[in-house]
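Visitor: Please show me the model, and then let us go through its packing and its charged pairs.

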Amino acid sequence: MITRREVDGVPTLLAPTSGPMHAGLAFRVGFADEPLAKRGITHLIEHLALYSFGVADYHYNGATGVEYTYFHMRGSEADIVRFLNGVCASLIDLPMQRLAVEKEILRTEQNGRGEGPTDGLALWRHGARDYGMPSYPEWGLTGFTPDDLRAWVARWFTTENAALWIAGPDVPAGLRLTLPRGERRPVPAASSALPVRPAYFSGPANVVAWNTVVPRQPAAAVFGGVLERALFRSLRQESGLSCAVQTDYDPRGDGSAVLTALADALPEKQDALLGGFVDVLATARVGRIDPAEVAAVVSQRCEDLVRAEEVGARLPGQAFNLLTGRPVQSLDEVLAELRAVTREDVAEVGRAAVAEGLLMTPGRTTADWAGYAEAPHNSPEAVQGTVYPSLERPDWRLIAGEQGVSSIDGESTATVRFDRCAAVLVWPDGARRFVGDDGIQVHIEPTLFGSGHAVVAALDARVRPELRATMPARDPSRIPVPRPPAAPVPVVPEPSRTSMIVLLVVLIPVLVLCGGFGLLMGVDAIVEAEDRGYAIGIALFSLGLAAGAGYGVLQAVRRLRSS
């Protein structure tokens with residue numbers, strides 16, 4: 001039974017459990033709240049807040065997600081008090097002496113994390129803003145100052161923007177949540193970089209992935225389970241095209257939810273996998289949902305919720321609901337809503353889900369044949385401005401203007417307008433990367449363009465300071481230099497018409513005389529010589545000489561006629 005309390009102004013959820021005591025302090029801030037130029041600031045604060053605990057006898061952790069950041073601990077009452085009181089103290093006075101070290105730790109962590117199979121979906125759906133942020137590296141790390149971190153804590157890590165959950169009999173004695181005062185922060189509005197849906201883009205060769213945004217409701221969660229069973233049955237059991245098939249239902253604080261599905265395959269089977277995946281989605285789009293599948297998923301989810309209630313695993317989600325103004329529901333209420341879901345409810349969600357879908361096709365495959373529009377990967381036009389040609393390739397040029405910057409490479413155009421710029425990555429050697437809020441990027445290496453450094457200086461003057469993200473210095477060997485132009489192929493001059501006529505006038509009589517004389521000598525040798533094989537060889541040589549001369553004369557005459 002979940003009960004509501006309050007600890008030092010922080011709303012608190014308390015529920016007795018059968019397992020060990022655990023607690024968590026959550027804040028309504030995550031990746032989606034970070035501008036691209038400050039990507040990584042919340043994660044860095046989380047690391048600094050946990051530094052003082054070092055190696056402890058109890059289990060503790062912190063996590064930064066898309067909408068929430070929380071600190072969690074499992075142990076005795078005394079351990080929980082020591083941990084949560086310590087987190088709050090660290091947030092008020094972050095250990096700034098650890099700033100440089102923690103930045104390096106996060107860079108190392110990021111370097112080893114790699115890209116997940118579905119990371120591209122958020123970027124292509126939302127671009128370089130709000131819910132697209134998880135797709136981007138933590139580019140802001142290098143430039144963060146202590147003042148940046150203190151300002152972020154004062155805005156987001158406050159009493160009014162926090163919620164606490166405790167899985168245990170009561171609030172532990174001595175717990176003090178001393179935090180700065182502030183205000184509750186709503187979740188950001190979700191943007192879209194997709195002008196048409198359903199849409200597709202090409203991804204890795206060994207996986208098909210799909211996501212959609214639907215209203216947050218029990219029927220949507222059930223549809224996710226029904227879809228997973230249909231994909232598993234079709235792609236693994238029946239056709240053997242995939243080994244790992246899974247779906248995920250991720251509720252958001254704005255009342256929506258993201259459904260994600262993926263299936264892996266061998267690259268050589270990507271066409272068949274894509275076809276089977278699209279067929280399953282098409283079945284859902286026309287509302288063909290088996291009532292038996294709905295009943296099976298509802299039953300399984302009810303069992304999962306009962307087990308989660310027993311160990312307090314529902315508490316974090318309910319605390320997140322507190323932070324976004326959603327009701328805190330008892331287990332009985334949740335189970336009643338889930339059991340009321342019908343086949344028609346799930347079919348309705350399925351139709352809407354597929355219509356809003358974004359499909360990641362494997363390798364270079366497409367999905368326009370299935371009614372999916374290609375997601376835009378180029379800009380429709382370039383800005384007006386000064387053109388700077390590449391020092392390497394004639395089909396590559398940079399355009400810098402009053403409204404923005406464009407890079408044109410062959411038939412591909414990338415444009416970032418200053419009023420739609422999400423961030424500018426700044427390298428000490430002069431390189432720049434402009435990132436538009438639609439995800440389109442223009443990378444500039446000043447060494448590869450004429451007047452490159454002057455162009456960069458002019459562009460820098462048009463960018464708002466808060467959009468700049470400082471990058472670590474690059475090794476000099478990684479700074480590109482123009483490749484020297486290829487050596488010209490020597491051209492043999494064509495002979496003039498006059499010289500060819502003179503050559504023919506002189507050469508023809510000589511060749512005719514030589515060929516005729518050789519032929520006569522060869523015939524005479526055949527008649528007179530005792531070694532007829534030798535004589536025949538002389539005759540054939542003379543004939544070949546005459547034929548070659550004749551062919552040369554013929555080619556010369558043809559060239560004269562065409563000139």
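**Helix H12 and its surroundings**

Guide: In helix H12 (residues 452–460), Gly452, Val455, Val456, Leu459 and Asp460 are buried. Buried means under 20% relative accessible area, exposed over 50% and partly exposed in between, with a 1.4 Å probe and protein chains only. Helices (H or I, at least four residues) and strands (E, at least two) are DSSP runs, numbered from the N terminus. This is a predicted model, in which local features need pLDDT of at least 70, side-chain atom pairs count only at pLDDT 80 or more, and totals for chains, interfaces and linings use all residues. Residues are numbered from 1 along each chain as its sequence is written, and side-chain values use heavy atoms, with hydrogens and water left out.

Visitor: How many degrees around the axis do the buried residues of H12 cover?

Guide: The arc is that of the directions from the helix axis to the C-beta atoms. The buried residues lie on the same side of H12, because the arc they cover is only 135 degrees.

Visitor: Which strands do the buried residues of H12 pack against?

Guide: Contact here means heavy atoms within 4.5 Å. The buried residues of H12 pack against strands E13 (386–389), E14 (396–400), E15 (404–409), E18 (432–436), E19 (441–444) and E20 (468–470).

Visitor: Which element supplies the largest share of the largest nonpolar core?

Guide: A nonpolar core is a set of buried Ala, Val, Leu, Ile, Met, Phe, Trp, Tyr and Cys residues joined through side-chain atoms within 4.5 Å. The largest one has 48 residues, and Trp210, Leu227 and Phe277 are among those with the most contacts inside it. Elements that each supply at least two residues of this core include strand E8 (207–215), helix H6 (218–238) and helix H7 (270–285). The largest share, 10 residues, comes from H6.

Visitor: Which residues are in contact with leucine 227, leaving aside its neighbours within four places in sequence?

Guide: Leucine 227 is one of the residues with the most contacts inside the largest core. With those neighbours left aside, its contacts are Trp210, Thr247, Ala261, Val280 and Leu281.

Visitor: Is strand E3 enclosed or open, and which residue is the bridge partner of alanine 26 in E5?

Guide: Strand E3 (residues 22–27) is largely enclosed by the rest of the structure, because six of its six residues are buried. His22, Gly24 and Ala26 point one way from E3, and Ala23, Leu25 and Phe27 the other way. Two strands pair if DSSP finds at least two bridges between them; E3 and strand E5 (residues 69–74) pair in the antiparallel sense over six bridges. In E5, the partner of alanine 26 is tyrosine 70.

Visitor: How far apart are the closest N and O atoms of arginine 28 and aspartate 33?

Guide: A salt bridge is a side-chain nitrogen of Lys or Arg within 4 Å of a carboxyl oxygen of Asp or Glu, and the structure holds 27 of them. Arginine 28 and aspartate 33 are both buried. In their salt bridge the closest N and O atoms are 2.8 Å apart.

Visitor: How many residues apart are glutamate 445 and arginine 474?

Guide: Glutamate 445 forms a salt bridge with arginine 474, with the closest N and O atoms 2.9 Å apart. The pair links distant parts of the chain: glutamate 445 is in the loop between E19 and H12, and arginine 474 in the loop between E20 and helix H13 (497–528), at a separation of 29 residues.
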